[in-house]
Amino acid sequence: MTILLALALLMPSSILARTDADLILHNGKIITVDQNFSIQQAVAIKGGRITVVGDEKSVLADRGPKTQVIDLAGRTVLPGLIDSHLHALEAGLSEFRTPLPRLDSFDAVRAYIRDRAARTPKGEWIVVPRTFPTRLRELRMPTRELLDVATEHPVMFDASYVVVVNSFALKMCGIGRDTPDPPRGVIARDERGEPNGILRNAQSLLKGIKPAKDFTEAEKLDALEKMLRLYRAAGLTSIGDGSVSPEEVGLYEKLKAQNRLPVRAVLTWWLDIARPAEDLIAAIRGAAFTTNSGDDWLKYGAFKINIDGGMTIGTAYQRQPYGPFGRQLYGQTDPTDRGQLFAPPEKSLAVFRAARDKGWQLSAHCQGGGAIDVFLEAMAALNRDRPIEPSRSHLIHASFQSPEAIQRAKKLGILADVQAAWLYLDAPGLEQVFTYDGMRYFFPLRSYLDAGVVVAGGSDHMIGYDKNQAINPYNPFLGMWTAVTRKTNRGTVIHPEEKITRAEALKMYTLWAAYRQFAEASKGSIERGKLADMIVIDRDYLNCPEDQIRDIEPVMVVLNGEIVYRR
Ligand SMILES: [Zn+2]
């Protein structure tokens, strides 16, 4: 070894970093998302980190004999995108064996049932894969009549916490006019008092439904890896998994140990608030991990509970009743129904307090305005002990906001974790329930930003492989386009006064999402010293016609300094 080389090895890497880059991308339009939102021409990478960002000359000076140099020919580069909230394993398994049909109308549901009935032994269950009434052309919750196209099979329509079954299934499971509602559940009934097929939180009454499908651990690992690769091809270099079980944590750890983790992952630890409070508190105290346990590739993020149900099925806990249209859209029989709170506020607070004391970032699924108020009230109570702001705790979804709640979130330092796809897909149906004026603070992105609330973008993807057709679509550019245009899939525009700029929409999927993950020092922008995660896209995000934003495709993905995807 020469003395010079020996000396070089002893030098701190920061000195070495200025020469002989591993990879240089140049002659491009690098949207850095740095403090000045500066646009640069080139970027150099070494050892998985960004070493120089700047003009051609300053970056190409780092070219060495082994440097891979890529001429971008003017193409745009963005920081690697971050989806703050999705469900990778569920999605990965959803089409692992069989492709899913597109269920967007009653006709499509009927056709699916007929098709399955022809291939399923009589008397065996047919399960219609998950869809929501807000996503059906009819904007109507089905009742048993729709599913009665099958007369010799029990049929279940899966709308998550609400399911609908056909007449055969009601009979087979012994559910009749005299069957009492199960605890916390409801058997919906028609005018004559007969069950109409809709079961809210009452799936326990169904007999003989096989647990979806049994997958081996190897299959689950393959499915998770496959899904994470699809995310990467969509331009995502980091994801936040929206609620993981211990099993899912184990799968992520195995992928990482086997060098098969295609993106960086931050896991949200979810506990079922229906369990007794003592159990939950014991689980929190006994856990060997908390927020930020892990590393740049895999770590724990927030602690999460569900405060209310869903707005797509009429169980989100609202400040006001769902009213008459709730009957059609959700099959609700009580027009004064405000939705469901999953636990008394005192219980949620006690659980949050235990999690806070263990160092967790706190979060909760809260869709209705009433649920948002419950979460903020709990945060305010904890804030009286000591400031909650440093925990970067956040509202998840927070679909039905109010100016008061936004101000309160700002004061407490609470973030918002939002999913623009809900606006794209569900706003038209919800507008029928709550009126256009009643949707004034539905995903109010402009109001959040004006108030100074940090907003992280995500999809809540849970089912399906296609990034634009999935439930929910995980194409980050569709999300950004929705945030910029406030357009829905039915061609309407919902409260354009809440539009945000392209730069702001990009920050939702980069720097602000990184902040939510306590990772803004290492991710979310293209700056010297940060992890080398970036994507090259097929058109200019800042200047292409507005309606083309949703069509933007990544042509190259660089993760940790390596080119991991090329179209
Ligand atoms: Zn979710």
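## A tour from helix α5 to helix α13

In this predicted model, the buried residues of α5 pack against β9 (126–128), α6 (144–147) and β10 (155–159). Select residues 106–119 to bring up α5 itself. With 14 residues at 1.5 Å each, the helix should span 20 Å, and its end C-alpha atoms are indeed 20 Å apart.

Now colour Phe 106, Ala 108, Val 109, Tyr 112 and Ile 113, which are buried. Look down the axis of α5: these buried residues fall within an arc of 160°, so they line one face of the helix. The background is simple: an α-helix has 3.6 residues a turn, so residues three or four places apart point the same way. Turn to the other side of α5 and select Asp 107 and Ala 118, which are exposed.

**The zinc ion**

Next, centre on the zinc ion. Which protein atoms are its donors? They are NE2 of His 85, NE2 of His 87 and OD of Asp 460, lying 2.1 Å from the ion. Along the chain the donors follow the spacing H-x1-H-x372-D. His 87 sits in the loop between β8 (81–86) and α4 (88–94), while Asp 460 sits in the loop between β20 (455–458) and α17 (476–485), so this pair ties together parts that are 373 residues apart in sequence. Are His 87 and Asp 460 buried or exposed? Both His 87 and Asp 460 are buried.

**The four-stranded sheet**

Move on to the open sheet whose four strands come in the order β5-β4-β1-β6, with mixed pairing. Its edge strands are β5 (49–54) and β6 (68–71), each of which pairs on one side only. From one strand to the next, the twist averages 15°.

Select β1 (residues 23–26) together with β6: the two run parallel and are joined by four bridges. To find one residue pair, show Ile 24, whose bridge partner in β6 is Val 69.

**Helix α13**

Finish at α13, residues 369–385. At 1.5 Å a residue, its 17 residues should span 24 Å; the end C-alpha atoms are 25 Å apart, which agrees. How many of the 17 residues of α13 are buried? Twelve are, and the helix is mostly covered. Among the buried residues to select are Ile 372, Val 374, Phe 375, Leu 376, Met 379 and Leu 382. Glycine and alanine also appear there, including Gly 369, Gly 370 and Ala 371. To see what surrounds them, display α12 (345–357), β17 (361–366), β18 (394–397) and α14 (403–412), against which the buried residues of α13 pack.

Note on methods. Residues numbered from 1 in each chain as written. Predicted model: local features only at pLDDT ≥ 70, side-chain atom pairs only at ≥ 80, totals over all residues. Heavy atoms only, no water. Expected span 1.5 Å × (residues − 1). Buried < 20%, exposed > 50% of the residue type's maximum accessible area, 1.4 Å probe, protein only. Arc of directions from axis to C-beta. Contact = heavy atoms within 4.5 Å. Donors = N, O, S within 2.8 Å, 3.2 Å for Na, K, Ca; no water. Pairing = 2+ DSSP bridges. Axes fitted to C-alpha atoms, helices over the stretch in contact; angles between N-to-C directions.
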